[in-house]
Amino acid sequence: MIRQAVGKSVPRKETWEKVTGTAKYVDDISSPGLLHAKIAVSPHAHAKIKSIDLSEAWKIPGVRAVITGEYFPVLTGSPLADRPPIAMDTVRYYGEPVALVVADQEYIAEMASLRINVEYELLPVVHSPLEAYQQDAPIIHQHLAAYKRHEEVYPEPGTNIANRTKIRKGNMDEGWKNSDHTIEIRVTLPQSDHAAMELRCSKAEILPDGKVIIYSTSQSPYVIRRAISQSFQIPLHKVIVHTPLVGGSFGGKSAIQMEYLVFLASRAVGGRAVKLANSRELDMISSPVHIGLDARIKLGCTHEGNIVAAEILHLFDGGAYSDRGVVMSRAAAVDCTGPYRIDNVHCDSLCMYTNHPYSTSFRGFGHPELTLAIERAMDLLADQVHLDPLEIRSRNAIGPGDTTPTQTILDRSNVGDLPKCIAKLKTLIHWDDQPIKQIDGHLIKAKGICCFWKNSNTPTDAGAGAIVIFNPDGSVNLLCGAVEIGQGTRTALTQLLAERLRMDDRMIQISTGVNTETDPQHWKTVASRSMFLVGNAVLKAADDAIEQLKNTASIVLGFSPAELNVGGGRVYFKNRPDIGIEVEKLVSGYKFPNGNTIGGQVIGRGSYAMPNLTLLDPETGKGNPGPEWTVGAQAVEVELNTREYTYKIVKAATVMDAGKVINPEFARSQVTGGMSMGLSFASREAFLFDQSGSILNTQLRTYKLIRYGEQPEYLVDFIETPYLEGPYGLRGIGEHGVIGMPAALANSLSTAVGVAINQLPITPELIWRAVHDSV
């Protein structure tokens with residue numbers, strides 16, 4: 001019997017290790033003589049470094065090295081190299097590293113880091129992207145024109161603009177001329193934290209032969225390898241990066257930061273092994289954070305509610321350095337209209353430098369932010385033209401034959417079926433069965449909905465490899481570079497392989513970690529692309545192995561390879577399945593009774609890179625930035641107490657077009673986790689800054705997350721419109737649960753109070769102010 005693998009909820013491969021507590025993370029890895037590093041950080045958001053006194057730190061017994069930015073005066077970062085690993089002349093955010101201490105014990109390193117005395121000259125602080133956008137704003141990067149650029153990025157020297165992406169589609173004059181109704185709206189949300197359970201941690205050692213061994217909590221081991229190689233002129237093959245299980249990330253561990261520091265620490269002590277682990281406080285303020293946004297939207301539509309024009313300005317809070325913020329601002333331009341058919345679009349999406357912690361990838365990659373803005377505008381437009389909020393979205397839903405803001409032509413395969421998602425959501429939340437707003441004394445129940453879409457916005461050459469190794473007993477080892485960050489990808493990849501080899505998935509083994517020395521390269525475990533990129537590579541590797549099995553079996557059985565099938569642990573004749581041979585007799589080469597052997601070990605190899613992607617035209621934004629869009633519709637139901645302005649999130653729902661669901665339990669869990677994260681940062685998460693730019697809530701006692709017992713009822717459903725280029729038709733779904741939750745929550749609460757709520761996080765105080773400020 002051949003066991004079907006795709007579409008089944010098989011258990012995770014790492015389940016036993018996790019539930020027994022034997023799973024190893026980077027901070028669990030130790031070795032004899034291991035040294036420890038700690039960073040000293042800036043207490044100011046913007047200041048000149050006048051002098052650094054290290055003498056008191058050196059007096060502590062056990063201190064092995066103390067280094068400052070002058071030890072490695074090189075700028076790092078991608079796509080714009082603008083950040084020193086340790087601040088040199090200027091600090092640009094509260095929590096920026098100013099020195100690094102290496103010591104025998106962690107507590108010694110921390111004690112020494114607190115004794116480093118830095119003399120600062122304070123500089124003006126830029127507190128927001130809007131403030132940074134003003135013509136008279138203090139310039140945060142004086143040498144912006146000189147920074148090295150590694151990929152398409154368009155900084156504007158003499159300003160605080162790290163990148164500008166332009167979208168110019170259609171004719172705006174015609175669009176406004178044909179608009180019978182127009183609305184304008186401003187939406188803001190602040191920076192916040194990724195708040196992964198596992199703190200960032202790295203370990204480095206430089207061997208006597210020059211080989212560099214790095215362990216890191218990362219989504220990007222191959223990017224670490226390249227960055228260390230290029231920055232320190234080390235041959236690529238001599239940099240080996242290990243990433244074991246990662247305890248959550250949500251984009252925050254795709255950036256390269258700790259790895260530079262721990263390498264410098266090891267080099268400063270003669271190559272000895274050094275570990276650098278963040279405390280929770282440093283993880284929140286010193287390492288990169290979730291981006292903020294200040295957006296302005298203007299929409300125009302006909303009397304019937306058909307949208308004909310959109311003018312959009314995104315000012316993203318990229319913080320002190322650009323990192324992935326510049327790419328996120330581009331991603332938000334690419335999908336700026338939301339999943340709606342709009343023929344005339346003018347968008348400027350800017351990543352602004354501010355004196356905040358620098359921003360990096362966050363689950364959804366700019367899409368929760370752009371979706372909040374466009375979906376609040378959609379609700380306002382629905383009110384203006386007296387249309388049901390679901391109806392105006394259904395009427396304008398993008399589909400086959402339409403074009404995206406970047407003028408990519410859509411078809412059923414690359415965009416899926418948004419109207420079907422909307423229809424299923426409508427039934428799931430009983431939209432027509434009860435009023436959108438129900439009043440019961442001082443309690444108001446209200447529903448809010450939104451739609452979303454997301455393109456992956458990967459580099460045009462993003463790809464992956466995979467190797468399938470057969471063992472003598474017919475079992476298989478799968479090697480690939482996808483990092484297990486909690487999403488179950490490595491298990492789901494074995495399901496794809498089992499389906500293609502038509503074998504029991506329990507016969508396929510995959511390690512929990514990634515080793516860049518032995519595993520085939522994978523771009524990064526980001527952008528909901530791992531199942532797509534690595535999955536296609538796995539299927540090609542499986543096909544290669546199948547071809548080898550058939551070629552050997554054809555000699556043994558006397559049939560041509562084309563007449564043979566592989567499945568159920570056998571290679572057999574298609575027309576007579578009873579004629580065949582066990583796979584285990586072939587996988588190490590077949591040995592005839594006389595001792596003659598043909599073939600050899602079956603090792604399948606496969607690689608894949610996305611085809612037909614193009615760069616965007618810098619003046620119009622025209623181009624194909626990614627292979628496909630995942631679309632969906634979401635809803636939130638709230639109960640508001642008008643006496644106290646507190647509220648309870650009663651229910652949250654998501655319907656998305658997954659293309660093909662590989663593991664239903666994984667898929668539902670992924671989407672539910674994303675929904676919880678979206679509701680958390682929408683309802684309470686935010687960094688609180690004082691007038692000097694310092695963060696006031698630097699620990700989880702004061703930085704509020706959604707807690708157990710506060711979760712609503714979650715409803716998740718899928719439709720399946722196959723994406724033809726995806727393995728078995730799958731689309732990316734890893735990030736998508738988070739995307740529309742802030743918008744749906746804001747829409748539901750705006751409906752409840754009858755006042756527009758266009759700012760996150762939506763706290764009781766914010767609602768009270770929105771109501772009373774409008775009176």
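Does Asp 504 count as buried, partly exposed or exposed, and what is the relative accessibility behind that label? Hold that thought; the view of Arg 506 and Asp 504 below has the answer. Everything here comes from a predicted model.**View 1. Arg 506 and Asp 504 pair up in a salt bridge.** The closest N and O atoms of this pair are 2.8 Å apart. Asp 504 has a relative accessibility of 21%, so it counts as partly exposed. Its partner Arg 506 reaches 55%, and therefore counts as exposed. Elsewhere, salt bridges that share partners tie Arg 12, Glu 14, Lys 18 and Glu 484 together into one network.

**View 2. Lys 166 reaches across the sequence to Glu 619.** These two form a salt bridge, with 3.0 Å between the closest N and O atoms. Lys 166 sits in strand β9 (residues 161-169), while Glu 619 sits in the loop between β31 (603-609) and β32 (629-641). That puts the partners 453 residues apart along the chain. Lys 166 has 22% relative accessibility, so it is partly exposed. Glu 619, at 47%, also counts as partly exposed. For the whole model, the count comes to 34 salt bridges.

**View 3. Asp 294 and Arg 296 make another salt bridge.** Here the closest N and O atoms lie 3.1 Å apart. Asp 294 counts as buried because its relative accessibility is just 6%. Arg 296 comes out at 30%, so this end of the pair is partly exposed.

**View 4. Domain 2 meets domain 3.** The protein is split into three pieces: domain 1 (14-22 + 461-609), domain 2 (32-123 + 197-248 + 253-286) and domain 3 (292-459 + 614-773). Measuring over C-alpha atoms, the centres of domain 2 and domain 3 are 36 Å apart. Their contact takes 22 residues from domain 2 and 25 residues from domain 3. About 2,000 Å² is buried between the two, and carbon and sulfur atoms give 57% of that area. On the domain 2 side, look for Tyr 93, Tyr 94 and Met 284: they lose the most area to domain 3, together 28% of what that side buries. What you won't find across this interface is a salt bridge, as the count there is zero.

**View 5. Pro 472 comes close in space to a far-off stretch of sequence.** Pro 472 lies in the loop between β22 (463-470) and β23 (476-480). Its relative accessibility is 58%, so it counts as exposed. Pro 472 and Ser 588 are 116 residues apart in sequence, yet their C-alpha atoms are 6.0 Å apart. Setting aside neighbours within four places in sequence, Pro 472 is in contact with Glu 584, Val 587 and Ser 588.

**View 6. Helix α16 is mostly covered.** This helix runs over residues 664-683 and has 20 residues. From its first C-alpha to its last it reaches 28 Å, close to the 28 Å expected at 1.5 Å a residue. Of those 20 residues, 15 are buried.

**View 7. Residues 20-124 carry a domain annotation from UniProt.** The record, an unreviewed entry, labels this stretch "domain: Aldehyde oxidase/xanthine dehydrogenase a/b hammerhead". In the model, residues 20-124 are 12% helix and 35% strand. The C-alpha atoms at the two ends of the stretch are 52 Å apart.

Note on methods
Residues numbered from 1 in each chain as written. Predicted model: local features only at pLDDT ≥ 70, side-chain atom pairs only at ≥ 80, totals over all residues. Heavy atoms only, no water. UniProt positions renumbered as here; feature names shortened; annotations may be inferred. Helix = DSSP H or I, 4+ residues; strand = E, 2+ residues; numbered from the N terminus. Expected span 1.5 Å × (residues − 1). Buried < 20%, exposed > 50% of the residue type's maximum accessible area, 1.4 Å probe, protein only. Domains from an automatic or database assignment. Contact = heavy atoms within 4.5 Å. Buried area = accessible area lost by both parts, 1.4 Å probe. Salt bridge = Lys/Arg side-chain N within 4 Å of Asp/Glu carboxyl O.
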